[in-house]
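Dear colleague,

I am passing on the structure below, together with some notes on what was found in it. Please look it over before reading on.

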Amino acid sequence: MIEATHSCPCGSGLTFAECCQQVHNSHAKATTAEALMRARYSAFAVRDIDFLYNTFHPTTRRFQNKHAIQQWAQENKWMQLNILKATFATVEFEAHYLDSTMELQIHREKSTFKQQGNLWYYVDGR
Ligand SMILES: [Zn+2]
């Protein structure tokens, strides 16, 4: 478990309490697509499945399955996040993780986000 005083999993250099934990506690604290992206990565690291589920955009959320999200979060060990490029509504990143066989994997994705009623949501990635 990651304590509030530990450095934030997203690699911002701040403590978890100063960074993504605030977004996990209050979705509105993610005022940019990048902030939501970071908080979603950290949510994988701390296994905040509800946050991951709730920050899917309503149009894509119905295709999501909490159990599958939980499995994905739990079977991998989340090591590092690198933000490669962030624009107003997209974030390109690399997530480094150890899979269930402890092999290092790099997931590279360009994610799209949408703002609805002042809140940012994750739409999809490729
Ligand atoms: Zn963070």
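With 17 C-beta neighbours inside 10 Å, as what does isoleucine 2 count: buried, exposed or partly exposed? The model is a predicted one, and in it isoleucine 2 counts as partly exposed, because 17 C-beta neighbours fall short of the 20 or more that a buried residue has, yet exceed the 12 or fewer of an exposed one. Isoleucine 2 lies in the segment before α1, the helix of residues 20–25, and, leaving aside residues up to four places away in sequence, isoleucine 2 touches Pro9, Phe16, Ala45 and Val46. The C-alpha atom of isoleucine 2 is separated by 29 Å from that of proline 58, which is 56 residues away along the chain.

Turning to the chain as a whole, the protein chain has five helices and four strands, and from the N terminus on these run in the order α-α-α-α-α-β-β-β-β. The radius of gyration is 13 Å, which agrees with the value near 14 Å that a compact globule of 126 residues would have, while the C-alpha trace spans about 40 × 30 × 25 Å along its principal axes. Buried residues make up 30% of the 126 residues, and, among contacts between residues at least 6 apart in sequence, 38% join residues at least 24 apart.

As for the strands, β3 (residues 104–116) and β4 (residues 119–125) run antiparallel and are joined by six bridges; serine 111 has glycine 125, in β4, as its bridge partner. The hairpin of β3 and β4 has two residues between the strands, and in this hairpin glycine 117 takes a positive phi near 55°.

With best wishes

Methods: Residues numbered from 1 in each chain as written. Predicted model: local features only at pLDDT ≥ 70, side-chain atom pairs only at ≥ 80, totals over all residues. Rg over C-alpha atoms; globule rule 2.2 N^0.38 Å. Contact = placed C-beta atoms within 7 Å. Pairing = 2+ DSSP bridges.
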